[in-house]
Amino acid sequence: MAKPASKVRAEEYRNYIGGKWVAPSTGRYIENRNPADTRELIGRFPASTADDVDRAVKAAAAALPAWRKTPAPRRAEILFKVGEILIQRKEQFARDMTREMGKVLKETRGDVQEAIDMTYYIAGEGRRLHGFTTKAELPNKTAHCSREPIGVAGLITPWNFPMAIPSWKIIPALVCGNTVVIKPAEDTPLSTYNLVAACEQAGVPAGVLNIVSGLGEEAGAALVDHPGVRLVSFTGSTDVGRQVGQSAALHDKICSLEMGGKNVIMIMDDADLDLAVEGVLWGAFGTSGQRCTAASRVVIHRRLAKKFTGMLVDRAKSLKLGDGLDSKTDVGPVINQEALDKILGYIEIGQKEDRARLMCGGRRAEKGDLKYGYFVEPTVFADVKPNMRIAQEEIFGPVVSIIECRSLDEAIDIANGVRYGLSASIYTSDINRAYRAMEDTATGIFYINASTIGAEVHLPFGGTKATGNGHREGGTQVLDIFSEWKTVYVDYSGKLQRAQIDTE
Ligand code: UN1
């Protein structure tokens with residue numbers, strides 16, 4: 001196991017390049033602190049530069065020929081071992097994640113479990129990288145198509161699912177025969193290091209998987225721009241994703257982008273209100289609202305609005321903020337000072353916007369030890385109009401806007417009236433309404449009588465409009481990101497046969 005090698009001193013981590021744990025070329029490090037209590041230093045992680053990234057890409061390129069020739073079932077065998085290691089170390093990895101990211105232990109266990117599930121699921125694809133065969137246009141000629149590795153994959157991953165999302169990308173990239181350089185989010189590198197170290201322990205060969213930590217504008221940009229990287233897969237904000245996409249386009253790279261959301265829960269007047277309140281509570285305040293699938297808008301039939309708002313506010317007020325390792329905590333901190341400022345900034349905007357009413361929360365929570373972390377009270381706005389900024393822009397924090405509607409049609413219009421299209425949900429007991437909403441809502445994921453969060457690994461994940469660029473992670477669909485098709489014609493006629501010639 002890489003643990004002793006990966007830590008030079010107690011809290012100094014290294015990059016993993018070409019099968020060796022190496023210090024960053026400049027000797028600079030970034031502190032990783034606990035967002036629930038910033039007095040706690042989790043570790044110091046390399047502030048890598050273009051130089052470190054270059055070495056990692058070269059190591060990945062050097063490892064590519066042997067890895068792409070390794071039979072896919074054999075690649076998969078190694079990945080099954082990764083799954084076993086993650087199971088053995090699940091509790092430790094979940095605790096590490098809560099300390100560096102802040103979300104409660106139940107959720108970080110879920111995050112590690114998602115990495116386990118994805119690893120087993122996609123490792124299974126090692127024996128199912130099916131292509132297809134077909135007849136050709138001419139006699140005694142046939143054709144087959146197969147999935148081929150693309151090359152060196154540059155992966156950039158976010159801090160909110162710091163093991164699950166890296167696994168969504170690393171495992172399919174590897175099973176398809178690519179080699180990888182990953183740049184984890186600077187706020188949560190430890191969880192991604194834990195995953196990479198598990199891959200090392202499982203026997204992923206040197207150079208096949210490399211990790212280089214650092215800032216997005218430095219290490220991340222260098223990875224995206226590197227000419228040796230053929231494929232870039234990014235999850236993060238829409239603004240950064242667009243820059244990644246532009247750079248990839250300039251250098252003819254394959255590029256998958258998974259970006260923002262402004263997800264909605266629609267509640268019709270025939271809904272089970274208790275269930276809907278539970279769904280909104282979980283969707284809006286789980287992970288402190290820091291999911292791209294978080295429910296940040298509720299569109300509710302006006303007849304139920306008052307009752308629902310009262311029920312939601314009562315529940316929101318009773319949520320306990322605190323350290324995610326404490327089993328009594330419901331909601332952890334937000335990730336950092338910048339996020340805290342951004343969220344409080346939106347709450348201020350919401351209060352100034354025409355007629356929106358702040359029903360609860362709205363402040364930084366600073367009582368007792370909470371002052372050492374970045375805590376925001378669960379916040380509910382009522383009487384929000386669809387075009388207000390708090391109802392349009394991604395806040396990525398524990399803030400939910402309640403918007404009233406008169407009908408299903410109006411609810412769907414409001415749902416669709418944002419730039420994003422990741423996840424949406426409807427609470428109704430009328431199957432006709434549920435199906436209409438499902439069909440007419442412009443999102444990649446839709447839930448009926450369930451919240452907007454909780455995607456499963458064997459199903460495609462991704463969104464429409466500004467949420468992404470048309471790819472899907474999860475499911476077998478992810479294989480389309482990490483492999484490219486080769487079409488092979490075999491002519492066994494023994495003579496020149498000319499296609500595309502009019503023989504009349
Ligand atoms: C994200 O927030 O980037 O379904 C992904 C969900 C999670 C994935 C969230 N499993 O909410």
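**Close-up 1. The ligand and its polar contacts.** Start with the backbone of Cys292: one of its polar atoms sits 2.7 Å from an oxygen atom of the ligand. This is a predicted model, so read every distance here as computed from predicted coordinates. Arg291 joins in through its side chain, where an N or O atom is 3.0 Å from a ligand oxygen. On the nitrogen side of things, Glu114 places a polar side-chain atom 3.3 Å from a nitrogen atom of the ligand. How much of the ligand does the protein bury? On its own the ligand exposes 320 Å², and the protein buries 98% of that.

**Close-up 2. The shell around the ligand.** Which residues are around the ligand? They are Glu114, Asn160, Phe161, Ile165, Trp168, Arg291, Cys292, Thr293, Ile453, Gly454, Ala455 and Phe461. By class, the shell splits into seven nonpolar residues, three polar ones and two charged ones.

**Close-up 3. Helix H6, which supplies part of that shell.** Ile165 and Trp168 are among the residues around the ligand, and both are also among the buried residues of H6. The helix runs over residues 164–175; at 1.5 Å a residue its twelve residues should span 16 Å, and the end C-alpha atoms are indeed 16 Å apart. Is H6 buried or exposed? Twelve of its twelve residues are buried, so the rest of the structure largely encloses the helix. The buried set includes Lys169 and Ser167, alongside residues such as Ile170, Ile171 and Leu174. Just after H6, Gly177 takes a positive phi of about 95°.

**Close-up 4. Cysteines without partners.** How many disulfides does the structure hold? Zero. Take Cys145: it is in no disulfide, and the nearest cysteine sulfur, on Cys176, is 16 Å away. Cys145 counts as buried at 10% relative accessibility. Cys360 is buried too, with a relative accessible area of 6%.

**Close-up 5. Thr329 in its loop.** Thr329 belongs to the loop between helix H11 (302–318) and helix H12 (337–352). Loop or not, Thr329 counts as buried, at 7% relative accessibility. What does its side chain reach? The backbone oxygen of Asp323, at 2.8 Å.

**Close-up 6. Two more buried positions, Ser401 and Leu105.** Ser401 is part of strand S16 (residues 399–405) and counts as buried at 1% relative accessibility. Between Ser401 and Pro333 there are 20 Å from C-alpha to C-alpha, for a sequence separation of 68 residues. Leu105 is in helix H5, which covers residues 105–124, and is buried with a relative accessible area of 8%. Its C-alpha atom is 35 Å from that of Asp270, and the two residues are 165 apart along the chain.

**Close-up 7. Positive phi outside glycine.** Asn449 is not a glycine, yet its phi is positive, at about 55°. Where is Asn449 found? In the loop between strand S19 (445–448) and strand S20 (464–465). With 33% relative accessibility, Asn449 counts as partly exposed. Lys465, also a residue other than glycine, has a positive phi near 50°. Lys465 has its place in strand S20, and with a relative accessible area of 36% it is partly exposed.

Key:
Residues are numbered from 1 along each chain as its sequence is written. This is a predicted model: local features need pLDDT of at least 70, side-chain atom pairs count only at pLDDT 80 or more; totals for chains, interfaces and linings use all residues. Side-chain values use heavy atoms; hydrogens and water are left out. A residue is near a molecule or strand if one of its heavy atoms lies within 4 Å of it. A polar contact is a pair of N or O atoms within 3.5 Å; within protein, one must be able to donate a hydrogen and the other to accept it, and residues adjacent in sequence count only if both atoms are side-chain atoms. Accessible areas come from the Shrake-Rupley method with a 1.4 Å probe; for residues, only the protein chains shown count as cover. Ala, Val, Leu, Ile, Met, Phe, Trp, Tyr, Cys and Pro count as nonpolar, Asp, Glu, Lys and Arg as charged, and the others, Gly among them, as polar. Helices (H or I, at least four residues) and strands (E, at least two) are DSSP runs, numbered from the N terminus. The expected span of a helix is 1.5 Å times one less than its number of residues. Buried means under 20% relative accessible area, exposed over 50%, partly exposed in between (1.4 Å probe, protein chains only). A disulfide is a pair of cysteine sulfur atoms within 2.5 Å.
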